[in-house]
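Hi,

Here is the structure I promised to send over. Have a look at it first, and then read on for what turned up in it.

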Amino acid sequence: MKTLIACHSHTGKTLTVAQKLQKEINADFTRIEPVKDRWYVIKAIHAYLEKNWPIKPCTTDISDYDCLIVCCPIWAGRTTPGVIQYLDELINTSGKKFAIVVTMGGDGNQLATIQIQNGLEAKGMEFIDKLVIKGSAQKSGEWETLTQEFAQKII
Ligand SMILES: Cc1cc2nc3c(=O)[nH]c(=O)nc-3n(C[C@H](O)[C@H](O)[C@H](O)COP(=O)(O)O)c2cc1C
């Protein structure tokens with residue numbers, strides 16, 4: 001399955017997970033990067049309000065791919081405004097499969113995967129699975145095993 005990983009990462013934690021996943025499944029990679037950074041509180045408020053932020057050019061036409069994996073951190077229990085924009089810009093999505101990877105500092109429940117799943121299913125895509133890396137799994141190193149196991153579901 002030809003797969004594209006689209007990753008937003010502000011401090012590098014999600015990027016580390018996404019890059020390991022890329023090696024495991026031999027996927028292509030694109031970075032979701034907001035055009036400009038904002039203060040922490042603005043990030044959290046805009047994420048909570050599900051706002052869009054303009055993003056730098058990246059791969060949004062997925063006609064060459066069978067599967068898309070969206071990777072992002074949790075901000076205020078939600079996905080990031082950059083990812084919301086990315087979902088809006090995606091084209092040629094119908095019938096493609098998708099998976100979701102999120103990393104978070106805490107261990108609580110969060111809406112981010114639901115937001116992404118709803119957004120991509122509305123574009124005619126088919127959900128495979130999601131990987132939620134909690135803060136505890138980042139600290140213990142368990143994220144590596146979780147990522148390897150997740151990769152097996154995608155291949
Ligand atoms: C603005 C902001 C809001 C955050 N909100 C949450 C949150 O609601 N729950 C949580 O567990 N972690 C939260 N975090 C922590 C990040 O989700 C976590 O550190 C993540 O692994 C960072 O990924 P990155 O290094 O790829 O940016 C927040 C971080 C930022 C910057």
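**What surrounds the ligand**

A backbone N or O atom of Gly 106 lies 2.7 Å from an oxygen atom of the ligand. Please keep in mind as you read that this is a predicted model. With the ligand in place, the protein covers 83% of the 650 Å² of accessible area that the ligand has on its own. His 10 also comes in through its backbone, with an N or O atom 2.8 Å from an oxygen atom of the ligand. Thr 11 uses its side chain instead: an N or O atom there is 2.3 Å from a ligand oxygen. There are 19 residues around the ligand, and those that come nearest are Ser 9, Thr 11, Thr 14, Ile 74 and Thr 103.

**Rings and charges**

The whole structure was searched for aromatic pairs, and two were found. One of them is formed by Phe 98 and Phe 127, with 5.5 Å from centre to centre and 50 degrees between the planes, so the pair counts as tilted. This pair links distant parts of the chain, as Phe 98 is in strand 4 (residues 97-103) and Phe 127 is in strand 5 (residues 126-133), 29 residues apart. Are the two partners buried or exposed? Phe 98 is buried, because its relative accessible area of 0% is under the 20% limit. Phe 127, with a relative accessible area of 26%, is partly exposed.

Two charged side chains sit over rings as well. Arg 38 lies over the face of Trp 53, at 4.3 Å from the ring centre. Lys 2 does so over the face of Tyr 65, at 4.9 Å from the ring centre.

**Gln 85 and its partners**

If you look along helix 3 (residues 81-89), you will find Gln 85 there. Gln 85 is buried, at 17% relative accessible area. Its side chain makes a polar contact of 2.7 Å with the side chain of Glu 89, and another of 3.0 Å with the side chain of Asn 52. Setting aside neighbours within four places in sequence, the residues in contact with Gln 85 are Asn 52, Trp 53, Pro 54 and Ile 55. Trp 53 will be familiar from above, as the ring that has Arg 38 over its face.

**A few spots in the loops**

Most residues other than glycine have a negative phi. Against that background, two residues are worth finding on your screen. Asn 26 is not a glycine, yet its phi is positive, near 55 degrees. Asn 26 lies in the loop between helix 1 (13-25) and strand 2 (28-31). Asn 26 counts as exposed, because its relative accessibility of 70% is over the 50% limit.

Ala 76 also has a positive phi, of about 50 degrees, although it is not a glycine. You will see Ala 76 in the loop between strand 3 (67-73) and helix 3. Ala 76 is partly exposed, with a relative accessible area of 36%.

Lastly, Gly 141 is placed in the loop between helix 5 (135-140) and helix 6 (142-154). Gly 141 is partly exposed too, at 27% relative accessibility. How far apart are Gly 141 and Lys 96 in space? From C-alpha to C-alpha they are 32 Å apart, with their positions 45 residues apart in sequence.

Happy to go through any of this with you.

Best wishes

Conventions
Residues numbered from 1 in each chain as written. Predicted model: local features only at pLDDT ≥ 70, side-chain atom pairs only at ≥ 80, totals over all residues. Heavy atoms only, no water. Phe/Tyr/Trp six-rings, centres within 6.5 Å; stacked < 30°, edge-to-face > 60°. Helix = DSSP H or I, 4+ residues; strand = E, 2+ residues; numbered from the N terminus. Buried < 20%, exposed > 50% of the residue type's maximum accessible area, 1.4 Å probe, protein only. Lys NZ or Arg CZ within 6 Å of the ring centre and 35° of its normal. Near = heavy atom within 4 Å. Polar contact = N/O pair within 3.5 Å; in protein donor to acceptor, adjacent residues only side chain to side chain. Areas by Shrake-Rupley, 256 points an atom, 1.4 Å probe, with all protein chains shown as cover. Contact = heavy atoms within 4.5 Å.
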